[in-house]
Amino acid sequence: MAMLEVKDLEVYYGVIQAIKGVSFQVNKGEVIALIGANGAGKTTILHTITGLLSPKKGSVMFEGTDITKVPAHKIVSMGMAHVPEGRRVFADLSVYENLKMGAYTRKDKAEIEESLKQIYERFPRLEERKNQMAGTLSGGEQQMLAMGRALMSRPQIILMDEPSMGLSPILVNEIFNIIESVSKSGTTVLLVEQNAKKALSIADRAYVLETGNIVMEGKAKDLLEDDSIKKAYLGE
Ligand SMILES: Nc1ncnc2c1ncn2[C@@H]1O[C@H](COP(=O)(O)OP(=O)(O)OP(=O)(O)O)[C@@H](O)[C@H]1O
Ligand SMILES: [Mg+2]
């Protein structure tokens, strides 16, 4: 059984159909990349999985449970975390307060403290800045905070929407290294990216989305070698 199974998903904004029958699976332990150009529907798919949008047709199964109609906050407590596009940290709260917000579905104070310690180990820069207002962090630091906040819910799967957007090449590398280490520590990853090259370089498998349809899927390393992918997405 796949950890996450999206089946025949159709999503509309009013009369406009943004997702036109998308199916894919994420297995436990995998890093799956969903790549595609601006407006292809990547964010719409993530929002539908996490309960922020309702599909007109199709279903989303998570660990064998149909979550198609489950509200977003419940989905978080089931073990799915979402790092939204554009980070969306709470600008007027400190780094520490943002991280604590990420644990809002959890009760055990000692365990929350333990998670906080682990997050600070993974992101030393967040610990250095724990009392700084999140709105004054740099773009890369905000991305780390958004990831750290998502990890505070101790998810089984983490969905990330364009984590590399707007970051310098060095920071992009740093963020991708962190995604790999999150994966190695046992969290399944669904990664949405326009940076196809970097996404494919860390993913196990990938799906290519074009105007609401999946047009190609396969092992990430095969897609990296594919001529049409090279031309359309890798700038080669
Ligand atoms: N709230 C909305 N109302 C109407 N149309 C929307 C809305 N949000 C997205 N769309 C449209 O749905 C389509 C898919 O958008 P989506 O944001 O999912 O794309 P994306 O692949 O995430 O793009 P990007 O890489 O630019 O983030 C686009 O044509 C977009 O204009
Ligand atoms: Mg998007």
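This short presentation walks through a predicted model, beginning with one central strand and moving outward.

Good morning. I shall start with strand β7, which spans residues 157–161. Is this strand mostly covered or mostly open? Five of its five residues are buried, so to speak of β7 is to speak of a strand that is mostly covered. The covering applies to both faces. On one side stand Ile157, Leu159 and Asp161, and on the other stand Ile158 and Met160. As a general point, side chains in a regular strand alternate between the two faces of the sheet.

Let me turn to the neighbours of β7. On one flank, strand β6, residues 80–83, pairs with β7 in the parallel sense, over four bridges. Two positions may help you to find this pairing on the screen: His82 is opposite Leu159 of β7, and Val83 has Met160 of β7 as its bridge partner. Strand β8, residues 188–193, also pairs with β7 in the parallel sense, here over five bridges. In that pairing, Ile157 is opposite Thr188 of β8.

We may now place these strands in their sheet. How many strands form it, and in what order? There are six, and the order is β6-β7-β8-β3-β9-β10. The sheet is open, and its pairing is mixed. Its edges are β6 and β10, the latter covering 213–219, and each of these pairs on one side only. From one strand to the next, the twist averages 15 degrees.

Next come the helices that lie across this sheet. Helix α7, residues 169–184, joins with β7 and β8 in a right-handed β-α-β unit. The helix lies across β3 (31–35), β7 and β8, and runs at about 155 degrees to β8. Helix α6 lies across β6 and β7, and its direction is at about 170 degrees to β6.

How do α6 and α7 stand to each other? In general, two packed helices are described by the angle between their axes and the distance between the axes. For α6, residues 139–151, and α7, the axes come within 10 Å and cross at roughly 10 degrees. The two helices are therefore roughly parallel to each other. On the α6 side, the contact is made by Gly140, Gln143, Met144, Met147 and Leu151. On the α7 side, Leu171, Glu174, Ile175, Ile178, Ile179 and Val182 take part. By class, this contact has eight nonpolar, two polar and one charged residues.

I should like to pause at the loop between β7 and α7, where both Glu162 and Ser164 are found. Glu162 has a phi near 50 degrees, a positive value in a residue other than glycine. With a relative accessible area of 4%, Glu162 is buried. Ser164 is buried as well, with a relative accessible area of 8%. Which residues does Ser164 touch, leaving aside those up to four places away in sequence? They are Val172, Phe176, Glu193 and Asn195.

A further positive phi, again near 50 degrees and in a residue other than glycine, belongs to Asp8. This residue is in strand β1, residues 4–13. Asp8 is partly exposed, with a relative accessible area of 46%.

Strand β1 leads us to another set of pairings. β1 and strand β4, residues 57–62, pair in the antiparallel sense over five bridges. Within that pairing, Lys57 of β4 is the bridge partner of Glu10. β4 in turn pairs with strand β5, residues 65–66, in the antiparallel sense and over two bridges. Here Phe62 is opposite Thr65 of β5. The two strands form a hairpin with two residues between them, and in this hairpin Glu63 takes a positive phi near 50 degrees.

Finally, I come to helix α1, residues 42–49. Why may α1 be called largely enclosed by the rest of the structure? The reason is that seven of its eight residues are buried. The buried residues are Lys42, Thr43, Thr44, Ile45, Leu46, Thr48 and Ile49. Just after α1, Gly51 takes a positive phi of about 85 degrees.

To close, I would ask you to keep two elements in view: strand β7, with five of its five residues buried, and helix α7, which makes a right-handed β-α-β unit with β7 and β8. Thank you for your attention.

Technical notes
Residues numbered from 1 in each chain as written. Chains lettered and ligands numbered in written order. Predicted model: local features only at pLDDT ≥ 70, side-chain atom pairs only at ≥ 80, totals over all residues. Heavy atoms only, no water. Buried < 20%, exposed > 50% of the residue type's maximum accessible area, 1.4 Å probe, protein only. Pairing = 2+ DSSP bridges. Right-handed = clockwise from strand over helix to strand, strands pointing away. Axes fitted to C-alpha atoms, helices over the stretch in contact; angles between N-to-C directions. Parallel < 35°, antiparallel > 145°, perpendicular 65-115°, else oblique. Contact = heavy atoms within 4.5 Å. Nonpolar A, V, L, I, M, F, W, Y, C, P; charged D, E, K, R; others polar.
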